[in-house]
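Q: I am new to this structure. Please pick out how the strands are arranged and take me through that part closely, step by step.

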Amino acid sequence: MDEPESQPDQGQPQAVEEEFPEAQDIEVSSEEPVHTLDHVDLYLRIGQDASASDIHLAVNVPPSWRLYGNLVPIWDHADVLRAADTESLALGFLNEEQKKRLFEKGDVDFAYATDFGRFRASVVRHRLGIDMVFRIINTRVRTMDELGLPATLKMLTQYHNGLILVTGSVGSGKSTTLAAMVDHISETRQDHIITLEDPIEYIINSKNCHVTQREVHTHTHSFAAALRGALREDPDVIMVGEMRDLETIQLAITASETGHLVLATLHTGSAARTLDRVLDVFPVDQREQIRVMVAESLRGIVSQQLVPRVDGAGRAMALEILLRTEAVAATIRDGKTFMLPGIMQTGGKMGMRLMDDSLYDLYADGTISDEECYMRCEQKVVMRERLGMH
């Protein structure tokens, strides 16, 4: 896909090689002392070239990155960042509106675009000064096949109404999976897709579909306000970056019932906990009605983890997949979500799978270690026996 254009409010920085030629002279493995760099773009380019997922620039610690899931210093001999350093770095790339929001509210989150990539930026004030964290976004939306997502998920994208939830902890790849699914819809259908994100990460091109991307706090005040507006814009597919509150969840469920396919994310670790989270936000007197609505509208839940590979070459994806069946719907209506793992275990032929089975399969083929498999599983006693741990 085309490279995204730099955001106009970011000042149109030049390529790092042109504006900061010294970036090319910095060796990540250098044993020489590394002094504080002059601009955040220098750190971002270095992190991007090393395939890091995040860059941390914080007071009283050396510049760090999250590489294959581990947060470690970029250089062993780098200067510790002082409060004056991080403040200078922050003020050097924030625009005036973002500076105002930082000093009035104490934090600012936004998508930061350069000539060499896109980043999700979070800048916060705290007791010691200003800290910054940047999520490095792969500007090219990878296909579902490239991500190794099963054919079951392609089947979910064929629905014309209902609710699909992609869940997992922060940094588990939810946005990447969701972008791949929306891009697949854009390529294989002829519909209107609206995405609501905070901030916009992946740029999804209009292919056979018309894609409208809106950013919370930039183009709209909140997810709920954007979702209410989306329902008046003749959408077929709505992607909600995160269902954070009662109103957003309620609107998403309503939209899925009224002829729209809704894809959304939640910070939950399993299908059962996801449903409990959705239902528990509603007042007690509404839960029975909501259970019926969710039972009818749910199409599937995908829970995922990214697990460090045993060979050190990146991370492997472990997936839990729940698909709607009559047995699943009955379990949701009756409020017996504790029965879902058993249903999923017997639904393997239909494409369902439990997280523990996915983790064990990765261990069995030598992709992840037994320690990672055990630490991340749900049923510790059962997994200990499967792994032969004593």
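A: Start with one term: two strands pair if DSSP finds at least two bridges between them. Keep in mind that this is a predicted model.

Begin with the sheet of six strands. This sheet is open, its strand order is 3-2-1-6-5-4, and the pairing is antiparallel. Which strands stand at its edges? They are strand 3, residues 70-73, and strand 4, residues 107-113. Each has a single partner strand, so one side of each is left without a neighbour in the sheet. From one strand to the next, the twist averages 20°.

Now go through the pairs. Strand 1 covers residues 54-57 and strand 2 covers residues 64-67. These two run antiparallel and are joined by three bridges. Here His56 stands opposite Ser64 of strand 2.

Move on to the other end of the order. Strand 4 and strand 5 run antiparallel, with seven bridges between them. Ala111 has Arg120, in strand 5, as its bridge partner. The two strands make a hairpin, and four residues lie between them.

Next comes strand 6. Strand 5 pairs with strand 6 over nine bridges, again in the antiparallel sense. Arg120 appears here too: Arg135 in strand 6 stands opposite it. A hairpin through two residues joins strand 5 to strand 6.

Helices lie against these strands. Helix 2, residues 40-49, lies across strand 1, strand 2, strand 4, strand 5 (118-126) and strand 6 (129-137). Helix 2 runs at about 40° to strand 6. Helix 4, residues 96-105, also packs on the sheet, where it touches strand 4, strand 5 and strand 6. The direction of helix 4 makes about 155° with that of strand 4.

Turn to the sheet of seven strands. It is open as well, with the order 9-8-10-11-7-12-13, but the pairing is mixed. Its edges are strand 9 (210-215) and strand 13 (315-323). Each edge strand has a single partner, so one side of each has no neighbour in the sheet. Neighbouring strands are turned by 15° against each other on average, direction ignored.

What makes the pairing mixed shows up around strand 12. Strand 7 (residues 162-167) and strand 12 (residues 298-308) run parallel, joined by five bridges. Thr167 has Ser303 of strand 12 as its bridge partner. Helix 6, residues 174-188, packs on this sheet. Among the strands that helix 6 touches are strand 7, strand 8 (192-197), strand 10 (237-240) and strand 11 (261-266). The direction of helix 6 makes about 170° with that of strand 11.

On its other side, strand 12 pairs with strand 13 in the antiparallel sense, over nine bridges. Val302 has Ile321 in strand 13 as its bridge partner. The hairpin of strand 12 and strand 13 has six residues between the strands, and Gly312 in this hairpin takes a positive phi near 80°. Is strand 13 buried or exposed? Seven of its nine residues are buried, so strand 13 is largely enclosed by the rest of the structure.

Look once more at helix 6, which holds Thr176. Thr176 has 17% relative accessibility, so it counts as buried, the cut-off being under 20%. Leaving out residues up to four places away in sequence, Thr176 touches Arg142, Leu147 and Tyr202. Thr176 and Gly300 lie 124 residues apart in sequence and 17 Å apart in space, C-alpha to C-alpha.

Finish with helix 10. Its buried residues are Ile290, Met293, Val294, Ala295 and Ser297. Their cover includes strand 7, strand 12, helix 8 (246-257), helix 9 (271-280) and helix 11. The axes of helix 10 (residues 287-297) and helix 11 (residues 326-333) come within 8 Å and cross at roughly 165°. That angle is over 145 degrees, so helix 10 counts as roughly antiparallel to helix 11. The crossing of the two helices is right-handed. At the contact, Arg291, Val292, Val294, Ala295 and Glu296 of helix 10 meet Ala329, Ile332 and Arg333 of helix 11. By class, this contact has five nonpolar, no polar and three charged residues.

Notes. Residues numbered from 1 in each chain as written. Predicted model: local features only at pLDDT ≥ 70, side-chain atom pairs only at ≥ 80, totals over all residues. Heavy atoms only, no water. Axes fitted to C-alpha atoms, helices over the stretch in contact; angles between N-to-C directions. Contact = heavy atoms within 4.5 Å. Parallel < 35°, antiparallel > 145°, perpendicular 65-115°, else oblique. Left-handed = near helix turned anticlockwise from the far one by under 90°. Nonpolar A, V, L, I, M, F, W, Y, C, P; charged D, E, K, R; others polar. Buried < 20%, exposed > 50% of the residue type's maximum accessible area, 1.4 Å probe, protein only.
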